[in-house]
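Student: I would like to learn how the words used for a structure are decided. Could we go through some of them together?

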Amino acid sequence: MKVIPISQLLPGMFVQSVTKQTGRIKIKSQGWVKTQAGIDKLKNVGILEIEIDPDKTLIESVPEKEPANTPSPVTKRDPWQKTHSAEQEMGKAKKLYDEAKSLQIKAFKDIKAGRDIDIAPFRDLASGFMDSVFRNQDALACLTQMRQKDAYLLEHSINVSILISIFAKHLNIDKDIIEQLTTGALLHDIGKIKIPDAVLNKPGRFTDEEFTIMKNHARFSKEILQAAGLKGIAVDIAGMHHERLDGKGYPFGKKGDDISQYVRMASIVDVYDALTAERVYKAGMEPIKAFKILKEGCPDSFDSELLTKFIQCIGIHPVGTLVKLSSQKVGLVTQSNPASPLKPVVKTFYSAKHGRYTQVQDIDLAHKKSQDTLESAVKTNEYNIDLQRFYKNSILP
Ligand SMILES: [Fe+2]
């Protein structure tokens, strides 16, 4: 436990108790602070100091940059470096994303027809994704949020590959490994094509029997990738992304050290994307809730240290998600701000106060003249916003 002044409290921290206050407010339940608005409320009722549980913190503040006179090792990259603007990158990112969809469809057809898949175009695509992420990760990150409810099987694998590429860049992993991770992620669920449609497309919970059938998809993915000539990291991700550290995963029941860092990364990203995905039968979960569920799965299922780094990398308000500002303007986070995660660039297009669409405006919350602050995350269905229309008119070139 750690006692901190209220000024240091951030969204994503877990409050255990109030230790100093001017009033006599009792906080009934312990829990995670979700928004800046929640912190402001605590300040307003006179809370001065609180006790937090650092082990449960979902997001840590980004470390200050090293002072200029301390030379950093040459091999170390700045994980947040952007060489292009998100707008400049969006055209290329969209082309890659569409190409990924066509490739997935072709691979599904090949498997159904009993043919091996052609790996070369997947490798090229993985390399394209990685290059785009290195130019500006915000463009592809934004596309991972532009989901179509009925395209989960296609989009999930693409999103996992984009997110693992962003995550691996954040961890300063070598580019040749990132390419293997991204290729493996693109094909990690390809084995699902061998699962009967009635099970694969069933909305809601599986029966025990259906779950047993479904569990085979990871084994099939591994076999398909091996038959196509892939080895190493990509095959491991395909076969083992549902393995868990305590050995209770599937299909092989591997545990602990038998599960590599790369597979651990894939299992975190896979669950995160599945939870936040919009499906025909369920709304997508807010990222902070998905982080909480993943955190509850540590250390039995997931690697705590890697999860903390993943949350730091993606942020509580990831690029592509909807937020409401203190001015009641609603918009899409379009550019991350790693130095100050609660001050991203937001493209606003709706007024929650007036319940109508407004002129599109780019608001940089970090700008010194900006009066607005980020108030909360917003669910896509909260204001009946037609996001697809907005994407087409305002984000995509
Ligand atoms: Fe899977």
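Tutor: Gladly! Here the iron ion is coordinated by Asp189 (OD), His217 (NE2), His241 (NE2) and His242 (NE2), at 2.2 to 2.3 Å. This is a predicted model, where local features need pLDDT of at least 70 and side-chain atom pairs count only at pLDDT 80 or more, while totals for chains, interfaces and linings use all residues. Residues are numbered from 1 along each chain as its sequence is written, and side-chain values use heavy atoms, with hydrogens and water left out.

Student: What makes these atoms donors of the iron ion?

Tutor: Donors are N, O and S atoms within 2.8 Å of the metal (3.2 Å for Na, K and Ca). The distances here are 2.2 to 2.3 Å, so the atoms qualify. Water is not among the atoms, so sites may look incomplete.

Student: Why is the site of the iron ion called irregular?

Tutor: Four donors count as tetrahedral if all angles lie between 85 and 135 degrees, and as square planar if opposite donors are over 155 degrees apart and all others between 65 and 115; anything else is irregular. The angles among the four donor atoms run from 84 to 171°, so tetrahedral is ruled out, and the site is listed as irregular.

Student: How do you know whether His217 is buried or exposed?

Tutor: Buried means under 20% relative accessible area, exposed over 50%, and partly exposed in between (1.4 Å probe, protein chains only). His217 has 2%, so His217 is buried. His241, with 0%, is buried too.

Key. Tetrahedral: all angles 85-135°; square planar, octahedral: opposite > 155°, others 65-115°.
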